[in-house]
Amino acid sequence: MMITASMVKDLRTKTGAGMMDCKKALAATDGDMDKAVDFLREKGLAAAAKKASRIAAEGLVYSYIHGNGRIGVLVEVNCETDFVAQTDNFKSLCKDIAMQIAASKPTYLKREEVPQSVIDHEKEVLRIQALNEGKPEKIVEKMTVGRIEKFYKENCLMEQPFIKDSDKDITQVINENIAKIGEKIDIRRYTRYELGEGLEKRSDDFVSEVMAQAK
């Protein structure tokens, strides 16, 4: 059975598991949603869904400075208790998220925050781009949908590939930590500063630099 992006999104909403895990679960269960949920639960990847209704009002505002002050990030990551907020595991997660923001420069936290006007504009640009590439009109719509998904992965923090393991997205990283730590975890907000942003300057490979610093 063909596994569609919509099916993956629905399973992700039901379980809180990562996109790739949801896709694998659906493939393993031939697209059966109920069996896919059980598949994820058996592997401990649906733990986040059980904690979704809890209140996470503790946590940390974590700061990360990169490149001798060229890039700075402030990110608020919430959990349920102050005890967990002070653990090494939680602090390590906060650092990873801050480094992700520094390296990958997400414009939005999650896809639901992207204004419809932005999506409409992107769809039109992508539609014209596909037509200019000589693609038939009948498949342009499908191509546009696929490219919008790519837009989300590039611009929304929760859907970006994790800089330390590109097989995972940030949602999956958060969910794995929920399962490990045992509390609800949310990335609430963040701010990224870059020295001279908007001014003409040399281009740097920030992902490589941040990863080199992390080693």
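**Strand pairing, salt bridges and cysteines in a predicted model**

Me: In this predicted model, how many bridges join strand 1 to strand 2?

Reply: Strand 1 covers residues 58-66 and runs antiparallel to strand 2. Within this pairing, isoleucine 65 stands opposite glycine 72 of strand 2. The number of bridges that join the two strands is nine.

Me: Which residue takes a positive phi in the hairpin of strand 1 and strand 2?

Reply: The hairpin has four residues between its strands. One residue of this hairpin has a phi near 65 degrees, and that residue is glycine 67.

Me: In which sense do strand 3 and strand 4 pair, and which residue stands opposite proline 161?

Reply: Strand 3 (residues 161-162) and strand 4 (residues 165-169) pair over two bridges, in the antiparallel sense. They form a hairpin with two residues between them. Opposite proline 161, in strand 4, stands aspartate 169.

Me: Which residue forms a salt bridge with arginine 188, and how many residues apart is the pair?

Reply: The closest N and O atoms of the pair are 3.2 Å apart, which meets the criterion of within 4 Å. The partner of arginine 188 is glutamate 76. Arginine 188 lies in strand 5 (residues 186-194) and glutamate 76 in strand 2, so the salt bridge links distant parts of the chain. Their separation is 112 residues.

Me: Is glutamate 76 buried or exposed?

Reply: A residue counts as buried under 20% relative accessible area. Arginine 188, at 48%, is partly exposed. The relative accessibility of glutamate 76 is 13%, and therefore glutamate 76 counts as buried.

Me: What is the N to O distance in the salt bridge of lysine 168 and glutamate 176?

Reply: Lysine 168 counts as partly exposed at 24% relative accessibility, and glutamate 176 counts as partly exposed at 28%. Their side chains meet in a salt bridge with an N to O distance of 2.9 Å.

Me: Which residues are linked with Lys105 in a network of salt bridges?

Reply: Glutamate 194 forms a salt bridge with arginine 192, with the closest N and O atoms 2.8 Å apart. Both glutamate 194 and arginine 192 are buried. The network links Lys105 with Arg192, Glu194 and Glu197.

Me: What is the phi of lysine 105?

Reply: Lysine 105 has its place in the loop between helix 6 (88-104) and helix 7 (116-132). Its relative accessible area is 40%, so lysine 105 is partly exposed. Most residues other than glycine have a negative phi. For lysine 105 phi is positive, near 50 degrees.

Me: Where is aspartate 30 found, and what is its phi?

Reply: Aspartate 30 is found in the loop between helix 2 (19-28) and helix 3 (33-42). Although aspartate 30 is a residue other than glycine, its phi is positive, near 55 degrees.

Me: How many disulfides does the structure hold?

Reply: A disulfide requires cysteine sulfur atoms within 2.5 Å. The structure holds zero disulfides. For cysteine 94, the nearest cysteine sulfur is that of cysteine 79, 7.8 Å away, and cysteine 94 is therefore in no disulfide. The number of disulfides is zero.

Me: Which residues form a nonpolar patch on the surface?

Reply: Together the residues of the patch have about 320 Å² of accessible area. One of them, leucine 74, is found in strand 2 (residues 71-79) and is partly exposed, with a relative accessible area of 40%. The patch is formed by Val61, Leu74 and Tyr193.

How values were computed
Residues numbered from 1 in each chain as written. Predicted model: local features only at pLDDT ≥ 70, side-chain atom pairs only at ≥ 80, totals over all residues. Heavy atoms only, no water. Patch = residues over 30% accessible without salt bridge, like charges linked within 9 Å, V, L, I, M, F, W, Y side chains within 5 Å. Areas by Shrake-Rupley, 256 points an atom, 1.4 Å probe, with all protein chains shown as cover. Buried < 20%, exposed > 50% of the residue type's maximum accessible area, 1.4 Å probe, protein only. Pairing = 2+ DSSP bridges.
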